[in-house]
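Got the model open in your viewer? Let's walk through it one selection at a time, sheets before helices.

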Amino acid sequence: MTISFLDLKATYTELQPELDAAIKRVLNSGWYVLGGEVEAFEHEYANYCESKYCVSVANGLDALHLALLALGVGVGDEVIVPSNTYIATWLAVSQCGATPIPVEPDAATYNIDPACIEAALTPRTKVVLPVHLYGQPCDMDAILAVARKHGLKVLEDGAQAHGAKYKGKRLGAHGDIVAWSFYPGKNLGAFGDGGAITTDDAELAERIRVLRNYGSRFKYVNDVRGFNSRLDPIQAAVMRVKLKVLDEWNLRRAAIANRYKKELSSLGLTIPFVPQWAEPAWHLFVIQHPQRDALQKALGEAGIGTLIHYPIPPHLQQAYADAGYVNGQFPLAEQFANHCLSLPIGPHLDEASASAVIAACNKLA
């Protein structure tokens, strides 16, 4: 039995008639950049996220970058980021000419620890950028309390958390802006790249709408130095179809996660902790094991695909060598990089495959 980490093709085959019709509709429209299909998706995704506005862009990194620019982040500013995250969070800050300031995660949830944020603030801090990592919401009330106390804006990175809820409210507008990625492997994934922001702030939404389109509100009239970062109508049409099944597919992920939590019994494994107020989207199911690499190798030999999110924390990447960080400076992020392993989870992982993953982990861990 071979079990892939994620079956992307199945996300097409389950919805093939609807997806084929949606793509054909765009091809027959003669309109291939922005336009009505993109606007319809933005309206539907804003409603889903319980936010007033959605502005789509070309990808998740652009969503973060343009959101930071809209918040006024520039050269010399500092932005609070998690030490434990995908490097895109840091890159977006660097693209603005600002400096990412890492803060360690909470040991139980993997998300940025709100209690550690205040000590990292300086007069140059402009934004706090929490990441809802692995699909689990951050403790937004605690983060917002620190940010508001110091007059800071909050940009949430929701790239892994489509459909997750914090204290009963769907992620989408707890902070000032939320940045989304629609990379194909996400819970809501395009068949290519895509991204968006959601917000309740009309002015911020308008700034990003202008920035994504060469800095232009009207053709050949450019108000600011903008970018070309536009979602194409084919991806919008695909996601309009997939948005209708997002909750159902997230429930399938949750059912697998619940089985993993109940049935993974090896004492060597650390299982995800979910606070009472969190309803994760279960983008990833991440365990820890002290001999992670050996376990991954054994699972691979048993036909089970796994991934590591992420093997090198941003502060130790060559891309940030000039910042002067050294091993041991962010011990929790480094521990997670050495011990974490993501098990197969997705809307098309069947019960027999989940059982096989559980049996293999309990035998090999």
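Begin with the open sheet of 3 strands, ordered β7-β6-β12, where the pairing is antiparallel. (Helices, H or I of at least four residues, and strands, E of at least two, are DSSP runs numbered from the N terminus; two strands pair if DSSP finds at least two bridges between them.) Select β7 (169-170) and β12 (278-279): these are the edges, and each has a single partner strand, so one side of each has no neighbour in the sheet. Now add β6 (residues 165-166), which pairs with β12 over 2 bridges in the antiparallel sense. To see one of the partnerships, pick Tyr166, whose bridge partner in β12 is Ala278.

A word on what you're looking at: this is a predicted model, with local features needing pLDDT of at least 70 and side-chain atom pairs counting only at pLDDT 80 or more, while totals for chains, interfaces and linings use all residues. Residues are numbered from 1 along each chain as its sequence is written, and side-chain values use heavy atoms, leaving out hydrogens and water.

Next, colour the other sheet. Here 7 strands line up as β1-β9-β8-β5-β4-β2-β3 in an open sheet with mixed pairing. Its edge strands, β1 (53-57) and β3, each pair on one side only. On average, neighbouring strands of this sheet are turned by 30° against each other, direction ignored.

Zoom in on the β3 end. Select β2 (residues 78-82) along with β3: they run parallel and are joined by 5 bridges. Click Glu78 and you'll find its bridge partner, Thr99, in β3; for Ile80, the partner in β3 is Ile101. Is β3 enclosed or not? Of the 5 residues in β3 (residues 99-103), 4 are buried, so the strand is largely enclosed by the rest of the structure. (Buried means under 20% relative accessible area, with exposed over 50% and partly exposed in between, using a 1.4 Å probe and protein chains only.) Add helix α5 (residues 88-95), and you have a right-handed β-α-β unit made of β2, α5 and β3. (A crossover is right-handed if, with the strands pointing away from you, the path from the first strand over the helix to the second runs clockwise.)

Move along to β4 and β5, which run parallel and are joined by 2 bridges. Val127 has Lys153 as its bridge partner in β5. Trace the chain from β4 through helix α6 (residues 140-149) to β5, and you follow another β-α-β crossover, also right-handed. In β5, 4 of the 5 residues are buried, so this strand is largely enclosed by the rest of the structure. β5 also pairs with β8, in the parallel sense over 3 bridges, and Glu156 has Val178 as its partner in β8.

Now show helix α7 (residues 202-211), which lies across β1, β8 and β9 and runs at about 20° to β1. (Axes are lines fitted to C-alpha atoms, for helices over the stretch in contact, and angles run from 0 to 180 degrees between N-to-C directions; contact means heavy atoms within 4.5 Å.)

Last stop: select helix α3 (residues 36-48) and helix α8 (residues 233-243), which pack at about 35° with their axes 8 Å apart. Show side chains too: among the residues that meet are Phe41 and Tyr45 in α3, and Met239 and Leu243 in α8.
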